[in-house]
Amino acid sequence: MSIEIANLIVNAGLVYAGLGLVFGLAFVWKGAGRLDPDAARGTWGFRLLILPGSAALWPLLLLRWVRSSGPPQETSPHRSPV
Amino acid sequence: MGHAYQAVGWNRQKKIYDRTLLLGVVLYLAVFLGVGFALHPEATAETMILRALGTAAFMLLHVVLAIGPLSRLDSRFLPLLYNRRHMGVTMFLLAFGHGAFSLLQFHGFGDVGPLVSLLVSNPRFDSLAQFPFQLLGALALFLLFLMAATSHDFWLTNLTAPVWKALHMLVYLAYGLIVMHVVLGVLQAETSPLLAGLLVLGMIVVLGLHLAAGWRERALDEPLDQLAREGFVDVGAFEEIPEACARVVTLGGDRVAVFRYGDRVSALSNACQHQNGPLGEGRIIDGFVTCPWHGYQYKPDCGASPEPFTERVPTFETRIVDGRVWVSPVAQAPGTYVEPARHPGRAR
Ligand code: FES
């Protein structure tokens with residue numbers, strides 16, 4: 001791997017993580033509660049714990065937050081949507 | 001069960017579990033460092049610490065992987081399963097420490113940044129002996145991070161159980177990568193038969209336990225569908241089901257827990273709504289089917305959790321004919337009341 005490509009990969013990763021961190025802070029503060037009512041009253045410890053995951057999965061969560069449709073309902077024979 | 005999320009829903013068991021875990025890890029690190037320095041007084045502290053952390057994480061990964069099949073084989077191991085996530089997160093933190101120390105030691109002082117150096121410093125992908133094994137470890141660490149970061153119940157709910165499960169199945173990929181990382185890295189530097197033997201032993205234990213548990217479940221799952229009569233399936237003799245316990249059968253691809261209590265029989269989906277825990281391995285306590293994993297409860301005749309909880313599991317029609325229990329493979333909507341079948345000879 002050339003050093004230019006390596007630089008590109010590392011910088012892209014850092015930008016993704018940086019944006020993720022900024023998004024994550026907003027998400028654990030407000031967004032999580034929009035998605036899941038149980039999270040709206042979550043403790044600060046809980047918010048801190050979900051911060052890394054929020055930063056890592058930010059594109060998915062951003063999409064959900066924008067659509068704000070509540071927690072997804074899985075469909076399977078064992079759990080049909082209500 | 002609707003409640004505000006906390007960081008950790010502490011209880012006595014979890015505290016004992018975590019204390020034991022922490023003590024074990026600290027003891028291991030202390031012994032490793034003590035013995036390591038005694039045997040290799042020339043080694044640097046950084047080297048020793050990164051080895052201690054790496055081996056601790058690798059061993060803990062074996063324990064994490066063994067707990068699932070062990071508790072399926074023998075319910076006495078269930079307490080270990082109870083707080084496995086904390087063990088998983090602990091394992092990630094150890095692995096992270098190992099990775100961070102390695103990055104600093106091997107890539108921290110060059111002309112390019114440590115991450116760039118990690119990517120470019122060793123391009124010998126075509127050589128087995130010189131393979132850039134650190135990249136394998138880095139990839140595994142990334143997967144472990146994804147799992148550790150999503151271990152809270154919030155993620156289970158908001159990613160949905162199937163997605164969450166699929167994500168956490170990556171632990172097997174991570175295990176494979178780490179084995180390669182160890183084989184191509186450590187075992188090249190130190191061609192010790194003891195280390196190689198331990199590695200193989202670990203793989204045999206992990207693989208063997210998974211095969212054993214899978215084989216046993218296949219035997220339990222053996223479809224009884226051939227005995228269909230009026231669409232119902234014979235799931236065995238009433239007497240064979242222990243009082244207040246269940247027999248688990250596979251009907252139409254779904255696992256169904258058939259509970260006996262008194263002279264009655266009720267059938268529910270085997271999958272707990274909380275985290276797909278095996279309801280059929282639980283018991284009826286105070287009139288409620290109680291999940292063995294975290295104690296969620298369901299009424300046996302309608303599959304609904306007691307007020308104020310709202311969980312519901314599907315129910316199945318049951319019949320008792322000539323002392324044998326028959327169950328319809330058609331799942332009723334979660335929470336549907338189904339008249340329990342009664343054993344006439346057992347009326348109280
Ligand atoms: S899986 Fe948690 S209570 Fe059943």
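**Exercise 1. The interface between the chains**

How many residue pairs are in polar contact across the interface of chain B and chain A? Work out what else this contact is made of.

*Solution.* A quick reminder before you start: this is a predicted model.

Step 1. Go for the polar contacts. Across the interface of chain B and chain A, 5 residue pairs turn up, both partners at pLDDT 80 or more.

Step 2. Check for charge pairs. Between chain B and chain A the count is 0 salt bridges.

Step 3. See which parts of chain B do the touching. Elements giving two or more residues to the side facing chain A are α5 (114-120), α6 (133-149), α7 (153-159), α8 (161-168) and β3 (254-261) of chain B. The largest share, 5 residues, is from α7(B).

Step 4. Put numbers on the contact. Chain B brings 32 residues to it and chain A brings 35 residues. About 2,800 Å² is buried between the two chains, and carbon and sulfur atoms give 69% of that area. On the chain B side, B:Tyr5, B:Trp155 and B:Asn158 lose the most area to chain A, together 20% of what that side buries.

**Exercise 2. A three-stranded sheet**

Find the order of the strands in the open sheet of 3 strands in chain B, and decide which strands stand at the edges.

*Solution.*

Step 1. Read off the order. In chain B it goes β5-β6-β7, and the pairing is antiparallel.

Step 2. Count partners. β5 (283-285) and β7 (297-298) of chain B each have a single partner strand, so they stand at the edges, with one side of each left without a neighbour in the sheet.

Step 3. Zoom in on one pairing. β5(B) is joined to β6 (residues 288-290) of chain B by 3 bridges. One bridge to look up pairs B:Ile285 with B:Phe288, the latter in β6(B).

**Exercise 3. Two helix residues**

Describe the surroundings of B:Lys14 and B:Ile67, starting with the charge on the lysine.

*Solution.*

Step 1. Place B:Lys14. This lysine belongs to helix α1 (residues 12-39) of chain B.

Step 2. Look for a charge partner. B:Lys14 is buried but has no salt bridge, and B:Asp153, the nearest side chain of opposite charge, is 7.0 Å away. The cut-off for a salt bridge here is 4 Å between a side-chain nitrogen and a carboxyl oxygen.

Step 3. List what B:Lys14 does touch. Leaving out residues up to four places away in sequence, its contacts are B:Val8, B:Gly9, B:Tyr82 and B:Asn83.

Step 4. Move on to B:Ile67, in helix α2 (residues 45-73) of chain B. B:Ile67 counts as buried because its relative accessibility is 1%.

Step 5. Collect the contacts of B:Ile67. With residues up to four places away in sequence left out, they are B:Tyr17, B:Leu80, B:Leu81, B:Arg84 and B:Met87.

**Exercise 4. Salt bridges and exposure**

Take three salt bridges from the model and work out how accessible their residues are.

*Solution.*

Step 1. Get the total. Over all chains, the count comes to 9 salt bridges.

Step 2. Start in chain A. A:Asp38 and A:Arg41 form a salt bridge, with the closest N and O atoms 3.8 Å apart. At 55% relative accessibility, A:Arg41 is exposed.

Step 3. Now B:Arg247 and B:Glu240, whose side chains meet at 3.2 Å, N to O. B:Arg247 is partly exposed at 29%, and B:Glu240 is partly exposed at 48%.

Step 4. Finish with B:Asp263 and B:Arg342, a salt bridge at 3.4 Å, N to O. This pair links distant parts of the chain, 79 residues apart: B:Asp263 sits in the loop between β3 and β4 (264-269) of chain B, and B:Arg342 in strand β11 (residues 341-342). B:Asp263 is buried at 4% relative accessibility, while B:Arg342 is partly exposed at 46%.

Step 5. For a network, try B:Glu239, B:Glu243 and B:Arg260, which salt bridges link together.

**Exercise 5. Unusual backbone**

Which peptide bond is cis, and where do B:Ala244 and B:Asn276 sit?

*Solution.*

Step 1. Recall the background. Most residues other than glycine have a negative phi, and most peptide bonds are trans.

Step 2. Find the cis bond. It runs from B:Glu307 to B:Pro308, with omega near 0°. B:Pro308 lies in the loop between β7 and β8 (315-316) of chain B.

Step 3. Check phi. B:Ala244 has a positive value of about 65°, and B:Asn276 has one of about 60°.

Step 4. Place both. B:Ala244 is in the loop between β1 (233-237) and β2 (246-251) of chain B and is buried at 11% relative accessible area. B:Asn276 is in the loop between β4 and β5 of chain B and is partly exposed at 33%.

Note on methods. Residues numbered from 1 in each chain as written. Chains lettered and ligands numbered in written order. Predicted model: local features only at pLDDT ≥ 70, side-chain atom pairs only at ≥ 80, totals over all residues. Heavy atoms only, no water. Pairing = 2+ DSSP bridges. Helix = DSSP H or I, 4+ residues; strand = E, 2+ residues; numbered from the N terminus. Buried < 20%, exposed > 50% of the residue type's maximum accessible area, 1.4 Å probe, protein only. Lys, Arg positive; Asp, Glu negative; His and termini not counted. Contact = heavy atoms within 4.5 Å. Buried area = accessible area lost by both parts, 1.4 Å probe. Polar contact = N/O pair within 3.5 Å; in protein donor to acceptor, adjacent residues only side chain to side chain.
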